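Please work through the fold, a pocket, the backbone and the charged contacts of the protein shown here, taking each point as a question with a reasoned answer.

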Amino acid sequence: MYQLNYHSISKPGLNFEELDNILKKANAVNSEKNITGCLIYHNNRFVQILEGEKEDVLNVYNKIKSDKRHNTVTLLWENPVDKRYFPEWNMAYHQPNNSNIIEFVNNLLLLSDLSDRSTSTLLSFWATVRKILNDGKVNLYEHV
């Protein structure tokens, strides 16, 4: 089993329809390749952790690097692991609206505090999630 996480910036003007298309395709590919993980998208930034067989995870990551909807794709950490940490998550998605964006961010911050950090990849993933969410807190009040 293998884990990898990365950070990227979305192309300027990425809209919800394009994001839905990314998620539909990713869900299909991840299911087919038995890849699990977690994707967070907030304030035009992606952070994702992928887990599965090394070759499959690296193939997905290489496709992401060449996807024009991602800019500045940065590998944060990768390592072999003994087990899956997101066994039921091929792709989960929640699109908060203006009325619940603050609650959504606070819930993700709580999840990042309570989540397993037993691998370097998990530690890196949740630290990056916290950074993205905390950097965006200033902008949250513009949505309210």
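The questions and answers below concern a predicted model.

Q: In what order do the 4 strands of the open sheet stand?
A: Strand β1, residues 2-10, pairs with strand β3, residues 45-52, in the antiparallel sense over 8 bridges. On β1 there is also an antiparallel pairing with strand β4, residues 70-80, over 8 bridges. β2, residues 36-42, and β4 each have a single partner strand and stand at the edges, so one side of each is left without a neighbour in the sheet. The order of the open sheet is therefore β2-β3-β1-β4.

Q: How many degrees does the twist average from one strand to the next?
A: The open sheet consists of 4 strands with antiparallel pairing, in the order β2-β3-β1-β4. From one strand to the next in this sheet, the twist averages 10°.

Q: Which residue of β4 stands opposite Tyr-6?
A: The register between β1 and its partners can be followed through individual residues: Ser-8 stands opposite Phe-46 in β3, while Ile-9 stands opposite Asn-71 in β4. For Tyr-6, the residue standing opposite in β4 is Leu-75.

Q: How many of the 9 residues of strand β1 are buried?
A: A residue counts as buried when its relative accessible area is under 20%. Strand β1 is largely enclosed by the rest of the structure, because the number of its 9 residues that are buried is 8.

Q: Which element gives the most to the lining of the second largest pocket?
A: About 330 Å³ of space lies in this second largest pocket, and the elements that give two or more residues to its lining are α1 (16-33), β3 and α2 (54-66). The lining is made up of 18 residues, of which Ile-22, Ala-26, Val-60, Ile-64 and Asp-67 lie nearest the centre of the pocket. With 6 residues, the element that gives the most is α1.

Q: How many residues in the lining of the second largest pocket are nonpolar?
A: The lining has 18 residues in total, and these can be divided by class. There are 3 polar and 4 charged residues in the lining, and the number of nonpolar residues is 11.

Q: What is the phi of Thr-72, and is this residue buried or exposed?
A: Most residues other than glycine have a negative phi. Thr-72, which is placed in strand β4, has a positive phi of about 50° although it is not a glycine. Its relative accessible area is 54%, so Thr-72 counts as exposed.

Q: Where does Asn-44 lie?
A: Asn-44 has a phi near 65°, a positive value in a residue other than glycine. The relative accessible area of Asn-44 is 42%, so the residue is partly exposed. Asn-44 lies in the loop between β2 and β3.

Q: Which residue forms a salt bridge with Asp-67?
A: The structure holds 2 salt bridges, and in one of them the side chains of Lys-11 and Glu-18 meet at 2.8 Å, N to O; Lys-11 is partly exposed, with a relative accessible area of 25%. Asp-67 counts as buried because its relative accessibility is 19%, whereas its partner is partly exposed, with a relative accessible area of 23%. The closest N and O atoms of this pair are 2.7 Å apart, and the partner of Asp-67 is Arg-69.

Terms used: Residues are numbered from 1 along each chain as its sequence is written. This is a predicted model: local features need pLDDT of at least 70, side-chain atom pairs count only at pLDDT 80 or more; totals for chains, interfaces and linings use all residues. Side-chain values use heavy atoms; hydrogens and water are left out. Buried means under 20% relative accessible area, exposed over 50%, partly exposed in between (1.4 Å probe, protein chains only). Two strands pair if DSSP finds at least two bridges between them. Axes are lines fitted to C-alpha atoms, for helices over the stretch in contact, and angles run from 0 to 180 degrees between N-to-C directions. On a 1 Å grid over the protein atoms alone, a cavity is a set of points where a 1.4 Å probe fits but cannot get out, and a pocket is an open set with protein on both sides within 12 Å along at least five of seven lines; lining residues have an atom within 4 Å of a point. Grid points are joined across faces, edges and corners, and a volume is the space filled by probe spheres set on the points. Ala, Val, Leu, Ile, Met, Phe, Trp, Tyr, Cys and Pro count as nonpolar, Asp, Glu, Lys and Arg as charged, and the others, Gly among them, as polar. A salt bridge is a side-chain nitrogen of Lys or Arg within 4 Å of a carboxyl oxygen of Asp or Glu.
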